[in-house]
Amino acid sequence: AQPALTWYAHGTAPTPKEIARKYLPRIRAGQPMRCRILLLGETAVGYFQSYRLRGFPDHPAAHLEPGAVGIEFLLASEWTGRGLGPLAIRAFVRGLLREEADVGACCADPHPENRGSIGALLRAGFRPRGRGGSEAQLALLLRLSRAAAEGAEEGPRPAAAKPPAKS
């Protein structure tokens, strides 16, 4: 059985039909978003997406840096708090930067109360750049430069992820 994924902003686990309706168009070629499923072995434990911020001028981080890429992610609840987030974020960003040589930075915009995502992003090397968003959807703006992602700027390195306890 696949773990249930809960999207922070909604606080509910989407149905497979809802996931397919929302994310399949993004996964197909030609869409402005690049989407990846995070697998551990054959088990889906997370989801990542990236997009050029210039394609979303209303995005809270669009003003931070021309040519930057926004990222968003979620992890299965049984994998949160185990160190997987920072490892997966760093790997996703490094892969993204290998594929897109003209990207100078990656940005993320979690809700200011989403401590788990903010902590994972900070441990992956992202740094705060202020707040943004609307009153209805506040965001903490975080940025990771290409140099920092590639290791040229040293920062904290995440520890190895611990598997969930067997029940």
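The following exchange goes through the sheet, the helices and some side-chain contacts of a predicted model.

Colleague: In what order do the six strands of the open sheet stand?
Modeller: The six strands form an open sheet, and its pairing is mixed. The twist averages 30 degrees from one strand to the next. The order is S1-S2-S3-S4-S6-S5.

Colleague: Which strands stand at the edges of the sheet?
Modeller: An edge strand here has a single partner strand, so one side of it is left without a neighbour in the sheet. The strands in that position are S1 and S5 (127-133).

Colleague: How many bridges pair S1 with S2, and in which sense?
Modeller: One bridge joins Leu40 to its partner Thr43 in S2. S1 covers residues 33-40, and its pairing with S2 is antiparallel, over eight bridges.

Colleague: Which residue in the hairpin of S1 and S2 takes a positive phi?
Modeller: The hairpin has two residues between the strands. The phi in question is near 65 degrees, and the residue is Gly41.

Colleague: Do S3 and S4 run parallel or antiparallel?
Modeller: Val69 stands opposite Cys106 in S4. Two bridges join S3 to S4, and the two strands run parallel.

Colleague: What angle does the direction of H2 make with that of S3?
Modeller: H2 packs on the sheet, where it touches S1, S2, S3, S4 and S6. Its direction and that of S3 make an angle of about 145 degrees.

Colleague: Are the planes of Phe48 and Phe73 stacked or edge-to-face?
Modeller: A pair of aromatic rings is described by the distance of the centres and the angle of the planes. For Phe48 and Phe73 the centres are 5.6 Å apart and the planes are at 20 degrees. Planes under 30 degrees apart count as stacked, so this pair is stacked.

Colleague: How many residues apart in sequence are the parts that this pair ties together?
Modeller: Phe48 is buried, as is Phe73. Phe48 lies in S2 (residues 43-52) and Phe73 in S3, so the parts tied together are apart in sequence by 25 residues.

Colleague: Which residue joins Phe48 and Phe73 in a cluster?
Modeller: Two aromatic pairs are found in a search of the whole structure. Ring pairs link Phe48 and Phe73 into a cluster with Phe92.

Colleague: Does Arg90 count as buried or exposed?
Modeller: Arg90 lies in helix H2. Its relative accessibility is 9%, and buried means under 20%. Arg90 therefore counts as buried.

Colleague: Which backbone oxygen lies 2.7 Å from a polar atom of the Arg90 side chain?
Modeller: The atom on the Arg90 side belongs to the side chain, while its partner is in the backbone. The oxygen is that of Ala124.

Colleague: What backbone oxygen does the side chain of Arg146 reach?
Modeller: Arg146 lies in helix H4 (residues 146-149) and, at 17% relative accessibility, counts as buried. Leaving aside neighbours within four places in sequence, its contacts include Leu97, Glu100 and Asp102. The oxygen, reached at 2.7 Å, is that of Val103.

Colleague: What covers the buried residues of H3?
Modeller: H3 spans residues 115-123, and its buried residues are Ser117, Ile118, Gly119, Ala120 and Leu121. Their cover includes S3 (69-75), H2 (84-99), S4 (105-108) and S6 (138-145).

Colleague: Which residue with a positive phi follows H3?
Modeller: The phi of this residue is near 110 degrees. The residue is Gly125.

Definitions and conventions. Residues are numbered from 1 along each chain as its sequence is written. This is a predicted model: local features need pLDDT of at least 70, side-chain atom pairs count only at pLDDT 80 or more; totals for chains, interfaces and linings use all residues. Side-chain values use heavy atoms; hydrogens and water are left out. Buried means under 20% relative accessible area, exposed over 50%, partly exposed in between (1.4 Å probe, protein chains only). Helices (H or I, at least four residues) and strands (E, at least two) are DSSP runs, numbered from the N terminus. Contact means heavy atoms within 4.5 Å. Rings of Phe, Tyr and Trp (its six-membered ring) pair if their centres lie within 6.5 Å; planes under 30 degrees apart count as stacked, over 60 as edge-to-face and the rest as tilted. Two strands pair if DSSP finds at least two bridges between them. A polar contact is a pair of N or O atoms within 3.5 Å; within protein, one must be able to donate a hydrogen and the other to accept it, and residues adjacent in sequence count only if both atoms are side-chain atoms. Axes are lines fitted to C-alpha atoms, for helices over the stretch in contact, and angles run from 0 to 180 degrees between N-to-C directions.
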